[in-house]
Amino acid sequence: MKQEGMICGVDEAGKGSVLGPMVVAAVGCREIEDIAALPVRDSKALRPKQREELYEILLRDFAISIVTLDAAGIDEARTRMSMNECVAELHAEALMGLRPESAYVDACDVNAERYGRAVAARLDYPCEIIAEHRADARYKIVGAASIVAKVTRDRAIGELAKQYGKIGSGYPSDPTTIEFLRNYIKEYGNPPPCARRSWKTVAILSQRTLLDYQ
(Lines give C-alpha, C1' and ligand atoms only; values in the text may rest on other atoms or scores of the structure.)
Protein backbone atom coordinates (compact mmCIF):
# COMPACT_ATOMS: atom_id res chain seq x y z
CA MET A 1 0.00 0.00 0.00
CA LYS A 2 1.40 3.39 -0.94
CA GLN A 3 1.79 6.22 1.55
CA GLU A 4 -0.82 8.76 0.46
CA GLY A 5 0.63 12.24 0.18
CA MET A 6 4.25 11.23 0.73
CA ILE A 7 6.82 12.84 -1.56
CA CYS A 8 10.27 11.31 -1.99
CA GLY A 9 13.63 12.27 -3.36
CA VAL A 10 16.05 9.59 -4.56
CA ASP A 11 19.75 9.75 -5.37
CA GLU A 12 22.80 7.51 -5.33
CA ALA A 13 26.47 7.75 -4.39
CA GLY A 14 29.36 5.70 -5.73
CA LYS A 15 28.00 4.80 -9.14
CA GLY A 16 31.31 5.49 -10.88
CA SER A 17 33.61 4.36 -8.09
CA VAL A 18 36.02 1.48 -8.65
CA LEU A 19 36.11 0.58 -4.92
CA GLY A 20 33.36 -0.06 -2.42
CA PRO A 21 29.59 -0.08 -2.58
CA MET A 22 27.03 1.98 -4.45
CA VAL A 23 24.47 3.46 -2.07
CA VAL A 24 20.98 4.64 -2.99
CA ALA A 25 18.89 6.66 -0.54
CA ALA A 26 15.27 7.79 -0.59
CA VAL A 27 14.09 10.57 1.72
CA GLY A 28 10.37 11.11 2.24
CA CYS A 29 8.27 13.97 3.56
CA ARG A 30 4.60 14.99 3.62
CA GLU A 31 5.08 18.51 2.29
CA ILE A 32 8.00 20.01 0.36
CA GLU A 33 7.91 22.82 2.93
CA ASP A 34 8.91 20.26 5.60
CA ILE A 35 12.46 20.41 4.31
CA ALA A 36 12.53 24.06 3.23
CA ALA A 37 14.18 25.34 6.42
CA LEU A 38 17.16 22.98 6.19
CA PRO A 39 20.29 24.17 4.32
CA VAL A 40 20.09 21.11 2.10
CA ARG A 41 21.59 21.05 -1.38
CA ASP A 42 23.61 18.77 -3.60
CA SER A 43 25.92 16.81 -1.28
CA LYS A 44 28.93 17.60 -3.47
CA ALA A 45 28.47 21.31 -2.67
CA LEU A 46 28.69 20.71 1.09
CA ARG A 47 31.69 20.15 3.36
CA PRO A 48 31.94 16.72 5.07
CA LYS A 49 31.05 18.21 8.48
CA GLN A 50 27.94 19.90 7.02
CA ARG A 51 26.88 16.62 5.39
CA GLU A 52 27.32 14.73 8.66
CA GLU A 53 25.24 17.26 10.63
CA LEU A 54 22.44 17.25 8.05
CA TYR A 55 22.55 13.45 7.84
CA GLU A 56 21.77 13.15 11.56
CA ILE A 57 18.85 15.61 11.25
CA LEU A 58 17.45 13.83 8.19
CA LEU A 59 17.61 10.42 9.89
CA ARG A 60 15.90 11.85 12.96
CA ASP A 61 13.10 13.84 11.30
CA PHE A 62 12.33 12.22 7.94
CA ALA A 63 11.40 8.83 6.49
CA ILE A 64 14.54 7.18 5.09
CA SER A 65 15.21 4.13 2.94
CA ILE A 66 18.79 3.08 2.13
CA VAL A 67 19.86 0.36 -0.30
CA THR A 68 23.51 -0.73 -0.63
CA LEU A 69 25.09 -2.94 -3.29
CA ASP A 70 28.69 -4.05 -2.68
CA ALA A 71 31.42 -4.48 -5.29
CA ALA A 72 30.72 -8.18 -5.86
CA GLY A 73 27.00 -7.48 -6.20
CA ILE A 74 27.68 -4.79 -8.80
CA ASP A 75 29.94 -7.16 -10.77
CA GLU A 76 27.23 -9.83 -10.72
CA ALA A 77 24.52 -7.34 -11.75
CA ARG A 78 26.61 -6.19 -14.71
CA THR A 79 26.56 -9.71 -16.12
CA ARG A 80 22.76 -9.35 -16.41
CA MET A 81 22.12 -5.66 -17.10
CA SER A 82 23.63 -2.27 -17.89
CA MET A 83 24.83 0.00 -15.10
CA ASN A 84 21.90 2.37 -15.70
CA GLU A 85 19.46 -0.54 -15.37
CA CYS A 86 21.21 -1.54 -12.14
CA VAL A 87 20.81 1.98 -10.74
CA ALA A 88 17.16 2.09 -11.80
CA GLU A 89 16.59 -1.22 -9.98
CA LEU A 90 18.18 0.15 -6.80
CA HIS A 91 16.23 3.42 -7.08
CA ALA A 92 13.01 1.39 -7.30
CA GLU A 93 14.05 -0.78 -4.34
CA ALA A 94 14.71 2.31 -2.21
CA LEU A 95 11.32 3.77 -3.19
CA MET A 96 9.52 0.55 -2.33
CA GLY A 97 11.01 0.87 1.15
CA LEU A 98 8.89 4.02 1.66
CA ARG A 99 6.13 3.62 -0.97
CA PRO A 100 5.53 7.33 -1.65
CA GLU A 101 2.77 8.71 -3.85
CA SER A 102 5.26 10.66 -5.96
CA ALA A 103 9.04 10.80 -6.28
CA TYR A 104 11.75 12.99 -7.75
CA VAL A 105 14.76 11.01 -8.97
CA ASP A 106 18.14 12.10 -10.28
CA ALA A 107 18.21 10.67 -13.81
CA CYS A 108 21.37 8.73 -14.69
CA ASP A 109 20.30 8.13 -18.30
CA VAL A 110 20.92 10.75 -21.02
CA ASN A 111 17.16 10.49 -21.61
CA ALA A 112 15.60 11.55 -18.29
CA GLU A 113 12.04 10.58 -19.23
CA ARG A 114 13.16 7.11 -20.29
CA TYR A 115 14.97 6.75 -16.98
CA GLY A 116 11.83 7.69 -15.09
CA ARG A 117 9.89 5.01 -16.97
CA ALA A 118 12.63 2.48 -16.17
CA VAL A 119 12.30 3.16 -12.43
CA ALA A 120 8.48 3.12 -12.53
CA ALA A 121 8.48 -0.22 -14.38
CA ARG A 122 10.43 -1.83 -11.52
CA LEU A 123 7.98 -0.73 -8.82
CA ASP A 124 5.29 -3.08 -7.52
CA TYR A 125 2.80 -0.23 -7.04
CA PRO A 126 1.80 2.93 -8.97
CA CYS A 127 3.94 6.00 -8.21
CA GLU A 128 4.39 9.26 -10.10
CA ILE A 129 8.08 9.47 -11.05
CA ILE A 130 9.65 12.80 -12.02
CA ALA A 131 13.14 12.10 -13.37
CA GLU A 132 15.43 15.01 -14.17
CA HIS A 133 19.13 15.60 -14.65
CA ARG A 134 20.80 17.42 -11.74
CA ALA A 135 17.66 16.89 -9.67
CA ASP A 136 19.91 16.90 -6.58
CA ALA A 137 20.67 20.57 -7.23
CA ARG A 138 17.09 21.50 -8.24
CA TYR A 139 15.04 19.85 -5.52
CA LYS A 140 15.89 19.92 -1.82
CA ILE A 141 14.28 16.54 -1.24
CA VAL A 142 16.66 14.98 -3.80
CA GLY A 143 19.56 16.94 -2.29
CA ALA A 144 18.60 15.39 1.05
CA ALA A 145 18.73 11.92 -0.51
CA SER A 146 22.14 12.71 -2.01
CA ILE A 147 23.43 13.66 1.47
CA VAL A 148 22.17 10.43 3.07
CA ALA A 149 23.65 8.33 0.24
CA LYS A 150 26.98 10.20 0.29
CA VAL A 151 27.46 10.00 4.07
CA THR A 152 26.50 6.31 4.13
CA ARG A 153 28.99 5.54 1.36
CA ASP A 154 31.74 7.69 2.95
CA ARG A 155 31.33 5.72 6.16
CA ALA A 156 31.62 2.46 4.21
CA ILE A 157 34.80 3.74 2.55
CA GLY A 158 36.07 4.69 6.01
CA GLU A 159 35.56 1.11 7.19
CA LEU A 160 37.46 -0.20 4.14
CA ALA A 161 40.30 2.22 4.93
CA LYS A 162 40.53 0.76 8.43
CA GLN A 163 40.92 -2.67 6.84
CA TYR A 164 43.25 -1.82 3.94
CA GLY A 165 44.97 1.45 4.85
CA LYS A 166 45.03 4.43 2.48
CA ILE A 167 42.58 3.71 -0.35
CA GLY A 168 41.59 7.27 -1.30
CA SER A 169 38.06 8.14 -2.37
CA GLY A 170 37.61 4.92 -4.32
CA TYR A 171 37.22 6.73 -7.66
CA PRO A 172 39.44 6.00 -10.69
CA SER A 173 40.45 9.67 -10.87
CA ASP A 174 42.03 9.49 -7.40
CA PRO A 175 45.80 8.72 -7.57
CA THR A 176 45.71 7.28 -4.02
CA THR A 177 43.05 4.77 -5.09
CA ILE A 178 45.05 3.75 -8.17
CA GLU A 179 48.25 3.38 -6.12
CA PHE A 180 46.39 1.21 -3.59
CA LEU A 181 45.01 -1.04 -6.32
CA ARG A 182 48.38 -1.35 -8.08
CA ASN A 183 50.23 -2.23 -4.86
CA TYR A 184 47.54 -4.71 -3.78
CA ILE A 185 47.62 -6.52 -7.12
CA LYS A 186 51.44 -6.64 -7.03
CA GLU A 187 51.38 -8.20 -3.56
CA TYR A 188 48.47 -10.61 -3.90
CA GLY A 189 48.18 -11.23 -7.66
CA ASN A 190 44.50 -10.24 -7.66
CA PRO A 191 42.43 -7.14 -6.95
CA PRO A 192 40.98 -6.82 -3.43
CA PRO A 193 37.41 -8.01 -2.72
CA CYS A 194 36.30 -4.39 -2.38
CA ALA A 195 37.26 -3.66 -6.03
CA ARG A 196 34.75 -3.82 -8.87
CA ARG A 197 36.41 -6.36 -11.14
CA SER A 198 34.06 -5.55 -14.00
CA TRP A 199 35.56 -2.03 -14.19
CA LYS A 200 38.09 -1.45 -17.00
CA THR A 201 40.36 0.32 -14.51
CA VAL A 202 40.79 -2.91 -12.54
CA ALA A 203 41.26 -5.06 -15.67
CA ILE A 204 43.91 -2.71 -17.10
CA LEU A 205 45.76 -2.37 -13.79
CA SER A 206 45.73 -6.15 -13.30
CA GLN A 207 47.10 -6.76 -16.79
CA ARG A 208 49.83 -4.10 -16.61
CA THR A 209 50.89 -4.92 -13.07
CA LEU A 210 51.19 -8.65 -13.66
CA LEU A 211 53.03 -8.10 -16.98
CA ASP A 212 55.59 -5.98 -15.10
CA TYR A 213 56.39 -9.00 -12.93
CA GLN A 214 56.69 -11.63 -15.64
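**Notebook: helix packing and the sheet**

H3 and H4 sit oblique to each other. I got that from the axes of helix H3 (residues 83-96) and H4, which cross at roughly 55° and come within 8 Å. This is a predicted model, so I keep that in mind throughout. I also checked the hand of the crossing of H3 and H4, and it is right-handed.

Next I looked up who makes that contact. From H3 I noted Asn 84, Val 87, Ala 88, His 91, Ala 92 and Leu 95, and from H4 Tyr 115, Ala 118 and Val 119. Sorting the residues of the contact of H3 with H4 by class gave me 7 nonpolar, 2 polar and no charged.

Then I turned to the other helix pair. Helix H1 (residues 48-61) packs against helix H6 (residues 140-164) at an angle of about 115°, and their axes are 9 Å apart. That angle makes H1 roughly perpendicular to H6. I put down the crossing of H1 past H6 as left-handed.

On the H1 side of this contact I listed Arg 51, Glu 52, Leu 54, Tyr 55, Glu 56, Leu 58 and Leu 59. On the H6 side I have Ala 144, Ile 147, Val 148, Lys 150, Val 151, Thr 152, Asp 154 and Arg 155. By class, the contact of H1 with H6 comes out as 8 nonpolar, 1 polar and 6 charged residues.

On to the sheet. I traced 5 strands in an open sheet, ordered S3-S2-S1-S4-S5, with mixed pairing. Strand S3 (63-69) and S5 are at the edges with a single partner strand each, so one side of each has no neighbour in the sheet. I also looked up the twist: neighbouring strands of this sheet are turned by 20° against each other on average, direction ignored.

How do S4 and S5 run, and how many bridges join them? Strand S4 (residues 100-106) and strand S5 (residues 128-132) run parallel, and I found 5 bridges joining them. I picked out two facing pairs for my notes. Tyr 104 stands opposite Ile 130 in S5, and Val 105 stands opposite Ala 131 in S5.

Where does H4 go relative to these strands? H4 packs on the sheet and touches S4 and S5, and its direction makes about 145° with that of S5. Following the chain from S4 through helix H4 (residues 112-121) to S5, I logged a right-handed β-α-β unit.

Last jotting: H4 turns up twice in my notes, in the contact with H3 and packed on the sheet against S4 and S5.

Note on methods: Residues numbered from 1 in each chain as written. Predicted model: local features only at pLDDT ≥ 70, side-chain atom pairs only at ≥ 80, totals over all residues. Heavy atoms only, no water. Pairing = 2+ DSSP bridges. Helix = DSSP H or I, 4+ residues; strand = E, 2+ residues; numbered from the N terminus. Right-handed = clockwise from strand over helix to strand, strands pointing away. Axes fitted to C-alpha atoms, helices over the stretch in contact; angles between N-to-C directions. Parallel < 35°, antiparallel > 145°, perpendicular 65-115°, else oblique. Left-handed = near helix turned anticlockwise from the far one by under 90°. Contact = heavy atoms within 4.5 Å. Nonpolar A, V, L, I, M, F, W, Y, C, P; charged D, E, K, R; others polar.
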